[in-house]
Amino acid sequence: MRQAALPLLFLCTFLAAWEAFCRLFDIPPFLLPAPSRVAHVLATEAPLLLRHGLTTILEILLGILLSLAVGIPLSIAMFFSPALEKALSPLLIASQAIPVFAAAPLLVVWFGYGMGSKIAMAAVIIFFPVTVTLLQGFKSCDPDLKILFSVMGAGCLTTLRHLYWPWALPYFFAGLRVAVSVAAIGAVIGEWVGSLDGLGFLMMQANARLRVDLVFASIVVLSAVSLSLWGIVCFLEKNTVRWAEKKR
Amino acid sequence: MLEIRSFSKSFDSRPVFSDFSLSAEQGSFTVLLGPSGCGKSTLFDLLMGILPRDSGRISLGGREMPDLRGAAAYMSQKDLLLPWKTLRENALLPVAVKRTPAAEDHRRAEDLFSLLGLSGREDYFPGQVSGGMAQRCALARTILFDTPVALLDEPLSALDAITRRTLRGLLLLLQSRFGKTILMVTHDVEEALLLADTILLLSPPPMRILEVLRPEGTKDSREESPSFAGMKRCILKLLQEGSR
């Protein structure tokens, strides 16, 4: 509770200063809407925001699932095959050097204006932190424990199940926390480049009509989605790797 | 009987072993005592097949084996318990890597926990118990390997004096109750004298056996024996001379 108090206090002060600034200097809402106006739009346009928000949430969730479906097996394969790791590592790193904006139009061409290109965009952005942190987790395993498993005559899959996977779980969750924070960026960029639905599409439409208040309302919804996903991952982590907190 | 014949191993043309041999009777407790860095732990790595040897043969009960993987349990100075598993699950790990532990395995684990003074702690995680308890759980795991041989690599060196004393007695159970052939590595002379049937004094690399000693008297009475201090001095002297 005390931990949440300080950020909450800061947020309230920031919003109050913003509200005062808008009112004091009579800033037009198409330039910078006051927080009260954004709150009003959030309430009045709730059905619209909900409809577009659900599309974006679905894109983000499917993007996360897709990146996990590819990233987890790939990091396992790279861990057990150093040759594969050597071959793919430079490509993985190079893929991060490509700006997401450069990839977005291509993905729209390949996967169309529908949800596919946005899911792919979110997956592309999440894939790297998930894969790399999980691989790092596998590699950080205590060599003495590896010896113990070797002595017990455990095979690769058994060792993966009993040792490597649980050992790497804290790393996996660290990667997933980063991933869900940035997943929204991928989905929204995909929607900006070409879509007919979603919060990114709504923001573009609202911006074109100088409905800056609606743009801010969309940002608030998007932030709430990202924070909720982050909270869910933290909750899952706390309940899955409880042992990590019980160090001797 | 466990026999190791003509082991050779070099690292960067620096020999650690050169024609090293030893044998241990079935159900015996053999302690390898030598200075730090003499290659004691490397010998275990070779026996377990963790490191490849340059030459040499291993036989167990008259049967030639490439290494002791699957035929020997291993216990080190670190408890090597998995922090995400309970003590019971950790003890049953050698079973779990082969098959799903059955009710009989759980019953055996419970009996062992009772024998080792861990009753009531079965569902604790390693992070919730003391170092001594964790090492007792590691001992339970070593027993549940169900192998004829146990390799103990300084299993007590990370513990305090009182816990060491308690665990020494429990280590002897491996031999007396479970009939395992034990090879233990240590650099603690007192520990060697209190536990061993046979002590092999080792030289610095290339490792060779300086002396084979068989401490007198029963193990539980050795500490009070008048010759105990004399034997300790004698071993230390032999080790010092061998290091020159």
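Which domains does the domain assignment of chain A give? I looked this up before anything else, bearing in mind that the model is predicted.

**Entry 1. Domains of chain A**

I found domain 1 at 1–31 and domain 2 at 33–245 in the domain assignment of chain A. I then took the C-alpha centres of domain 1 and domain 2 of chain A, which lie 30 Å apart. For the contact I noted eight residues from domain 1 of chain A and eight residues from domain 2 of chain A. On the side of domain 1 of chain A that touches domain 2 of chain A, I recorded six nonpolar residues, two charged and no polar.

**Entry 2. Make-up and confidence of chain A**

I looked up the secondary structure of chain A and found ten helices and zero strands. The C-alpha trace of chain A spans about 75 × 50 × 30 Å along its principal axes.

I turned next to the confidence values. The average pLDDT of chain A is 89, and 98% of the residues score at least 70. I asked which element of chain A has the lowest mean pLDDT. I found that this is helix 5 (residues 100–111) of chain A, with 83, whereas helix 3 (residues 46–80) of chain A has the highest among the elements of the chain, 94.

**Entry 3. Helix 2 against helix 10 in chain A**

I examined helix 2 (residues 35–44) and helix 10 (residues 212–240) of chain A, whose axes come within 9 Å and cross at roughly 75°. Helix 2 of chain A is therefore roughly perpendicular to helix 10 of chain A.

I listed the residues that meet. Helix 2 of chain A brings A:Arg37, A:Val38, A:Val41 and A:Leu42. Helix 10 of chain A brings A:Asp213, A:Leu214, A:Phe216, A:Ala217 and A:Val220. By class, I recorded seven nonpolar residues, two charged and no polar in the contact of helix 2 of chain A with helix 10 of chain A.

**Entry 4. Helix 3 against helix 9 in chain A**

At what angle do helix 3 and helix 9 (residues 199–208) of chain A pack? I read an angle of about 135°, with the axes 7 Å apart. Helix 3 of chain A and helix 9 of chain A are therefore oblique to each other.

In helix 3 of chain A, I noted A:His52, A:Gly53 and A:Thr56, which meet A:Leu199, A:Gly200, A:Phe201 and A:Leu202 in helix 9 of chain A. I counted by class as well: the contact of helix 3 of chain A with helix 9 of chain A has three nonpolar, four polar and no charged residues.

**Entry 5. Domains of chain B**

I took the domain assignment of chain B, which gives domain 1 (2–71 + 149–243) and domain 2 (81–146). The centres of domain 1 and domain 2 of chain B, taken over C-alpha atoms, are separated by 25 Å. Eleven residues of domain 1 of chain B are in contact with eight residues of domain 2 of chain B.

I then asked which helix gives the largest share of the side of domain 1 of chain B that touches domain 2 of chain B. I found helix 6 (residues 161–176) of chain B, with six residues. The residues of that side of domain 1 of chain B divide into nine nonpolar, two polar and no charged.

**Entry 6. The sheet of chain B**

I followed an open sheet of six strands in chain B, in the order 6-7-8-3-9-10 and with mixed pairing. Strand 6 and strand 10 (209–213) of chain B stand at the edges with a single partner strand each, so one side of each is left without a neighbour in the sheet. The twist averages 15° from one strand to the next.

Within the sheet, I checked strand 3 (residues 29–33) and strand 9 (residues 198–202) of chain B, which pair in the parallel sense over four bridges. I noted B:Thr198 in strand 9 of chain B as the bridge partner of B:Thr30.

**Entry 7. Backbone details in chain B**

I recorded a cis peptide bond from B:Pro205 to B:Pro206, with omega near -5°. B:Pro206 has its place in the loop between strand 9 and strand 10 of chain B.

I also noted B:Asp19, found in strand 2 (residues 14–24) of chain B. Phi of B:Asp19 is near 55°, a positive value in a residue other than glycine.

**Entry 8. Contact between the chains**

I closed with the contact of chain B and chain A, which takes 16 residues from chain B and 16 residues from chain A. Strand 6 (72–76) and helix 3 (93–96) of chain B are the elements that give two or more residues to the side of chain B that touches chain A. I recorded ten nonpolar, four polar and two charged residues on that side of chain B.

Notes: Residues numbered from 1 in each chain as written. Chains lettered and ligands numbered in written order. Predicted model: local features only at pLDDT ≥ 70, side-chain atom pairs only at ≥ 80, totals over all residues. Axes fitted to C-alpha atoms, helices over the stretch in contact; angles between N-to-C directions. Parallel < 35°, antiparallel > 145°, perpendicular 65-115°, else oblique. Contact = placed C-beta atoms within 7 Å. Nonpolar A, V, L, I, M, F, W, Y, C, P; charged D, E, K, R; others polar. Domains from an automatic or database assignment. pLDDT = per-residue confidence, 0-100. Pairing = 2+ DSSP bridges.
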